[in-house]
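Reader: I have the sequence and the model open side by side. Could you walk me through the strands, the core and the loops?

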Amino acid sequence: MSSETIIYIIIAGITALFLALFQYIYKSKLKSNLKYLLTGLRTLSILGILLLLINPKFESYSYYDEKPNLVLAVDNSESISYLNQNENAEAVIESLRSNEDLKERFNIETFSFGKNISENDSLSYSEKQSNISNTLKQLGEVYKNETAPIVLISDGNQTFGTDYSFITTAVNQEIYPVILGDSTKYSDLSIKQLNVNRYAFLKNQFPIEIIANYNGDESVDSELMIYSGDNVVFRKSLQFDASKTSEIISTALPANRVGVKTYRVEISPIEGERNTVNNSKSFGVEVIDQKTNIAIVSESLHPDLGTLKKSIESNEQRSASILKPNEFSKKINDFQLVILYQPNDRFNSVFKIINEENLNTFIITGLTSDYTFLNSIETNFKHKITNQTEDFQPILNRNYNTFIIDNINFEGFPPLKSEFGNVQFSIPNDVILSKMVNGIDIKQAMLSTFEIDNKKHALLSGEGIWRWRAQAYLDSGSFEDFDNFIGKLIQYLSSNKKRNRLNVDYQSFYNGNEDVVISAQYFNKSYEFDDSAALTIVLKNKDSNSLQEVPLLLNNGNYSIDLSGIEAGTYDFTIKHNEENVSSSGAFEVIEYNVEQQFLNADVTKLNTLAENSNGKAFFYNQTTDIINKLLADTRYQITQKSTKNIVPLIDWKYLLGIIALSLFTEWFIRKYNGLI
């Protein structure tokens with residue numbers, strides 16, 4: 001308690017006593033000792049009121065010891081069990097967690113990881129992929145402001161994500177890899193990489209590129225074959241030695257039938273080869289009859305044009321051409337959708353052709369758009385002209401129900417620049433994104449879709465979506481989320497299919513290392529999204545005729561089911577409503593491939609590089625004593641004493657109010673009883 005507060009309390013006590021003496025002692029007619037009791041009660045009441053106003057407080061300190069954290073990140077992928085290292089991993093974990101000296105020095109936290117990281121002690125070694133870089137990055141964020149050395153218990157074989165050996169700048173912790181496996185070099189042939197397009201076009205040939213690797217010192221001969229079912233459609237002899245350790249094989253195969261076609265690439269194993277799983281790899285190609293062509297019509301150059309083209313063509317089923325307005329009229333029969341970027345009066349002929357041909361459109365406006373021209377030629381909407389510009393940030397409408405939108409953080413995207421002013425629609429429209437200015441939703445459409453006379457249209461108010469694609473990459477390390485969003489919008493606009501009450505989103509085939517996720521949206525009879533529907537998927541394996549029925553769960557505005565882990569094969573499915581006669585069917589194929597079984601050794605080189613870059617040190621699984629001694633001897637990991645300062649009131653105000661009330665009541669009662677009132 002400060003000296004100033006003590007002075008205030010003393011003054012309050014003197015003041016209370018002085019006022020009480022003035023009332024009951026100074027020139028008082030009371031002759032009995034009763035006046036002293038009343039003086040004391042009045043002093044207590046006034047002092048209590050003054051203490052409430054002063055609110056005196058005092059500081060208390062509590063001291064505690066804070067241990068540094070020791071983070072155990074354990075690889076839970078299938079490669080650990082495939083290399084017979086699961087028992088070694090558990091032995092390392094048990095040694096570290098049961099060591100009394102370590103427990104006394106550190107708070108030991110255990111995490112397991114595959115493609116994602118989770119905080120648990122249960123290890124199954126069944127994860128289909130491993131992402132070491134993402135695991136280290138997330139641990140670096142969690143323990144950003146703490147001392148938390150990381151013990152990475154892994155074989156170092158990563159199947160997903162960026163190179164983890166250079167991720168240390170984002171972690172800012174010392175990393176101690178525990179290497180599960182050995183560095184012994186065995187002779188091995190493998191298919192290192194297979195490059196093939198997901199789609200091919202009927203009566204065309206699709207290219208295939210295969211990278212075959214060899215680890216060994218002797219000269220070996222082998223043969224590479226590509227199978228379609230049981231038929232060999234391509235073969236080539238291969239020779240390797242110590243100086244020639246890889247070869248790129250390129251070929252092309254015909255696409256003769258529409259649908260999903262699966263193939264298998266195999267390399268004949270050499271004598272004594274320990275791992276033959278990585279000698280084969282299956283892949284699939286979906287043969288389609290026609291490519292969707294989109295015209296991007298613009299009078300001027302802008303980074304948005306390249307962004308649109310790249311996003312559209314990220315799906316091989318679609319192609320995009322950037323054209324001037326006068327070029328569009330010469331190629332009108334080639335396109336199923338027209339994107340009009342910042343139209344002006346030179347687009348007059350383009351709009352005329354669009355109306356004559358009943359084409360679907362996607363209009364994008366911005367700072368160079370001619371809104372007077374656009375208002376004169378458009379009958380579906382009018383844009384208020386203010387001649388003022390504004391930056392608008394997007395807000396995703398999670399109740400949008402025309403097609404399924406993935407959960408993208410649009411609120412974190414940079415703003416788009418556009419004319420300040422609202423867009424008034426003369427027909428019903430569905431808003432995908434609305435505008436936000438200075439953190440306030442102004443309830444105006446930024447991106448919306450609408451349908452009229454069996455034609456589909458979209459309007460985006462704002463230029464600068466190239467920044468959105470860049471931000472999506474910064475957020476997730478991939479353009480995939482943004483490209484999928486644009487792809488679904490383009491798919492909706494370029495199709496003339498009618499709206500269904502049950503929309504299903506899935507791929508025609510999945511590789512064995514991909515997540516098999518099927519999403520659906522269900523709408524009531526008014527085409528409003530129904531978040532209380534009971535949807536079920538009936539899944540049939542066409543190879544074994546086995547059936548399973550699983551409910552779909554509501555997640556981020558969509559109903560979805562994660563079927564990852566199902567056996568490779570061909571599947572039919574039907575998603576149905578349990579109470580209404582509404583359903584949708586489809587088929588897909590899961591292509592057999594286990595990326596976690598492609599490794600023969602631990603990646604000792606990368607784990608050593610990771611340790612060196614983070615100022616840590618790498619150990620093998622049989623060196624747990626050395627790990628413990630290293631951690632205990634490191635002076636960077638010391639227990640620190642910290643204190644907590646608590647400021648609390650001298651007297652709880654509830655008790656003080658009770659004392660004041662009691663003293664006033666007692667004083668009143670005594671005076672009343674003695675006839676002084």
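Author: Happily, and let us begin with β6 and strand β35 (residues 619-620), which run parallel and are joined by two bridges. A strand here is a DSSP run of E with at least two residues, a helix a run of H or I with at least four, both numbered from the N terminus. Two strands count as paired if DSSP finds at least two bridges between them.

Reader: What kind of model is this, and which pLDDT do the features need?

Author: Residues are numbered from 1 along each chain as its sequence is written, and side-chain values use heavy atoms, with hydrogens and water left out. This is a predicted model in which totals for chains, interfaces and linings use all residues, side-chain atom pairs count only at pLDDT 80 or more, and local features need pLDDT of at least 70.

Reader: Which residue of β35 is the bridge partner of I179?

Author: I179 belongs to one side of β6, together with I175 and P177. Its bridge partner in β35 is F620.

Reader: Which residue of β6 is the bridge partner of I153?

Author: Strand β5 (residues 150-154) runs parallel to β6 and is joined to it by five bridges. Within β6, I153 has as its bridge partner V178.

Reader: How many of the residues in β6 are buried?

Author: Buried means under 20% relative accessible area, exposed over 50%, and partly exposed in between (1.4 Å probe, protein chains only). In a regular strand the side chains alternate between the two faces of the sheet. For β6, I175, P177 and I179 on one side and Y176 and V178 on the other are all buried. Strand β6 (residues 175-179) is thus mostly covered, and of its five residues the buried number is five.

Reader: Which helix gives the most to the largest nonpolar core?

Author: A nonpolar core is a set of buried Ala, Val, Leu, Ile, Met, Phe, Trp, Tyr and Cys residues joined through side-chain atoms within 4.5 Å. The largest one has 37 residues, of which I339, F362, I432 and W468 touch the most other members. Seven of its residues come from the helix at 480-494, which is α12.

Reader: Which residues does W468 touch?

Author: Contact means heavy atoms within 4.5 Å. Leaving aside residues up to four places away in sequence, W468 touches P394, F410, F413, P414, L416, L433, M446 and F482.

Reader: How does α11 stand to α12: oblique or roughly parallel?

Author: Two packed helices are described by the angle between their axes and the distance between the axes. Axes are lines fitted to C-alpha atoms, for helices over the stretch in contact, and angles run from 0 to 180 degrees between N-to-C directions. Helix α11 (residues 465-476) packs on α12 at about 135°, with the axes 7 Å apart. Angles under 35 degrees count as roughly parallel, over 145 as roughly antiparallel, 65 to 115 as roughly perpendicular and the rest as oblique, so α11 is to α12 oblique.

Reader: Which residues of α12 do those of α11 meet?

Author: On the α11 side stand I465, W468, R469, A472 and S476. Their counterparts in α12 are D481, F482 and D483.

Reader: Which strands stand at the edges of the five-stranded open sheet?

Author: The order in this open sheet is β27-β34-β33-β29-β30, and the pairing is mixed. Each edge strand has a single partner strand, so one side of each is left without a neighbour in the sheet. The strands in question are β27 (509-511) and β30 (547-551).

Reader: Which residue of β34 stands opposite D572?

Author: Strand β33 (residues 569-577) and strand β34 (residues 583-591) pair in the antiparallel sense over eight bridges. Opposite D572 in β34 stands A587.

Reader: Which residue of β32 stands opposite A520?

Author: An open sheet of four strands has antiparallel pairing in the order β26-β28-β32-β31. In β28, A520 is the bridge partner of V504. Four bridges join β28 to β32, where the residue opposite A520 is Y559.

Reader: What is the relative accessible area of N387?

Author: Most residues other than glycine have a negative phi. N387 has a positive phi of about 60°, and its place is in the loop between β19 (381-383) and β20 (389-396). N387 is exposed, because its relative accessible area is 70%.
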